[in-house]
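The following exercises introduce a structure through its chains, its packing and a few individual residues. Each task is followed by a solution that proceeds step by step.

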Amino acid sequence: MFERGKKDGDTIESQEANRTKSDVSFESVRPKATPRGGDAAVIGRSIQINGDLRGDEDLRIEGDVSGTVELRNSALTIGKEGKVKAGVYAKSIAVDGETKGDLYATERVSVHVNARVQGNIIAPRVSIEEGAHFKGSIEMDSAAIEKALGKTTASGAAKPVARTTASTAGSNKAVPKDAARSTGASVNPPAKTA
Amino acid sequence: MGGLDETERHVVLDLGAASTAMLALLGRARCRVEITDLVHSGGIDQLNKAEPGPELVEAAESLLPGRLPDDAVDLVFCWDLPNYLTLKALSALMNAIGQRARPGALVHALIFYAEPDMQEHPGRFVPTADGELIDCGAKSAMTAAPRYSPEALGNSAGPFVIDRARLLSNGMQEFLFRLDEWA
């Protein structure tokens, strides 16, 4: 009744017609259409997981998860109701809910409006929508990212906190050359030196 | 921002809210960005209300990210936050930043100077691809701007010294503070 990926429209339609009230209750656990995460497995709102979570398919978390989450080749969506207190490793991570811990992604991390994220983000591409609450660091140094992700992958699990790992990747003596000029931004309306 | 050396690693501390535009701009270089949103975290009130002395020092320390001796900060964006801090609070904040910065590090700030009033709440500045800034913050009631003088700011900058100041056409003064090599 709740097979995923069934494409026979008639069959699905007839299932809809025969659906009982108890069937409908499942819809709240696994939404028929997810705006983000597509045909992903879902950890529902009432589910609490404490420990390591690993898998090889897309996942949407609406419940509480503590520990580590590793979806090496898949996308993770932390839904509006989702609360994740864990080191997370995935191909891509989208956050609508709350996370506390480091987020590692080989492709992208997206923090959406009203999301609350506390921790470090290590990913080649990061977007944070206006209205999202973020506290932590974002590693955008490709060398440090590769090192952090490589280390995480090699260990087979997402180990929280890349802070020290990342710090060793770059030059420790980097002082922005002429960065004063770099910050010569003007405030709209375009401002000119008096 | 065009002056950031793309071959070297930079550690940036942003005291405002995170924005994709800012990340996109910094993403052109090899950056690590530490974001500590003092506005939405209540940090401004916390600093202003703390008693000068150990309590204020502790408040400033607790608001900023941990010290990273191997990855010290070399560029800080304060935006217009100094206008909303008392000079004592600003001094404590700059001292705490100095503890996390490498010699030669720069702090960027915008000070209301020409106009007597400013928005009651700090702005939300978003850079454009052209290197300009747009204030995307919600409009709020006006309040008197402290209009800190360069001298007052210099005396409240902890280990930093004023490297450059210029008056912008919108009446704000843009300051760059540099961490003294010998601090």
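Chain A has five helices and twelve strands, where helices (H or I, at least four residues) and strands (E, at least two) are DSSP runs, numbered from the N terminus. The model is predicted: local features need pLDDT of at least 70 and side-chain atom pairs count only at pLDDT 80 or more, whereas totals for chains, interfaces and linings use all residues. Residues are numbered from 1 along each chain as its sequence is written, and chains are lettered from A and ligands numbered from 1 in the order in which they are written.

**Exercise 1. The two chains**

Task: Describe chain A and chain B by their buried residues and their contacts.

Solution. Step 1: A residue is buried if 20 or more other C-beta atoms lie within 10 Å of its own, exposed if 12 or fewer, and partly exposed in between, with C-beta atoms placed from the backbone. By this criterion, 40% of the 194 residues in chain A are buried; for the 183 residues of chain B, the value is 49%.

Step 2: Two residues are in contact if their C-beta atoms, placed from the backbone, lie within 7 Å. Taking contacts in chain A with a separation of 6 or more, 18% are between residues 24 or more positions apart. In chain B, 64% of the contacts between residues at least 6 apart in sequence join residues at least 24 apart.

**Exercise 2. The form of chain B**

Task: State which elements chain B has and how compact chain B is.

Solution. Step 1: Five helices and ten strands are found in chain B. Step 2: Chain B has a radius of gyration (taken over C-alpha atoms) of 15 Å, close to the 16 Å given for 183 residues by the globule rule (2.2 Å times the number of residues to the power 0.38), so chain B is as compact as a globular protein of that length. Step 3: The C-alpha trace of chain B spans about 45 × 40 × 30 Å along its principal axes.

**Exercise 3. The nonpolar core and a helix pair**

Task: Identify the residues with the most contacts inside the largest nonpolar core, and describe how α3(B) and α4(B) cross.

Solution. Step 1: A nonpolar core is a set of buried Ala, Val, Leu, Ile, Met, Phe, Trp, Tyr and Cys residues joined through C-beta atoms within 7 Å. The largest one has 106 residues, and Val88(A), Val76(B) and Leu93(B) have the most contacts inside it.

Step 2: Not counting residues up to four places away in sequence, Leu93(B) touches Leu47(B), Ala60(B) and Leu85(B).

Step 3: Helix α3 (residues 54-63) and helix α4 (residues 87-100) of chain B have axes that come within 9 Å and cross at roughly 55°. The two helices are therefore oblique to each other. Among the residues that make the contact are Ala60(B) of α3(B) and Leu93(B) of α4(B).

**Exercise 4. Two residues with positive phi**

Task: Locate Asn114(A) and Trp79(B) and decide whether each is buried or partly exposed.

Solution. Step 1: Most residues other than glycine have a negative phi. Step 2: Asn114(A), although not a glycine, has a positive phi of about 75°. Asn114(A) is placed in the loop between β7 (103-111) and β8 (116-118) of chain A, and counts as partly exposed because it has 14 C-beta neighbours inside 10 Å.

Step 3: Trp79(B) also has a positive phi, near 55°, and is placed in strand β3 (residues 73-79) of chain B. With 23 other C-beta atoms within 10 Å, Trp79(B) is buried.

**Exercise 5. Partners along the chain**

Task: For Cys78(B), Met22(B) and Ala50(B), give the element or loop and the contacts.

Solution. Step 1: Cys78(B) is found in strand β3 of chain B and is buried, with 25 other C-beta atoms within 10 Å. Leaving aside neighbours within four places in sequence, Cys78(B) is in contact with Leu15(B), Val107(B), His108(B) and Ala109(B). The C-alpha atoms of Cys78(B) and Leu15(B) are separated by 5.4 Å, although these residues are 63 residues apart along the chain.

Step 2: Met22(B) lies in helix α1 (residues 20-26) of chain B. Beyond neighbours within four places in sequence, Met22(B) is in contact with Asp14(B), Val126(B) and Pro127(B).

Step 3: Ala50(B) lies in the loop between α2 (43-49) and α3 of chain B. Not counting residues up to four places away in sequence, Ala50(B) touches Glu55(B), Leu56(B) and Ala59(B).

Methods: Axes fitted to C-alpha atoms, helices over the stretch in contact; angles between N-to-C directions. Parallel < 35°, antiparallel > 145°, perpendicular 65-115°, else oblique.
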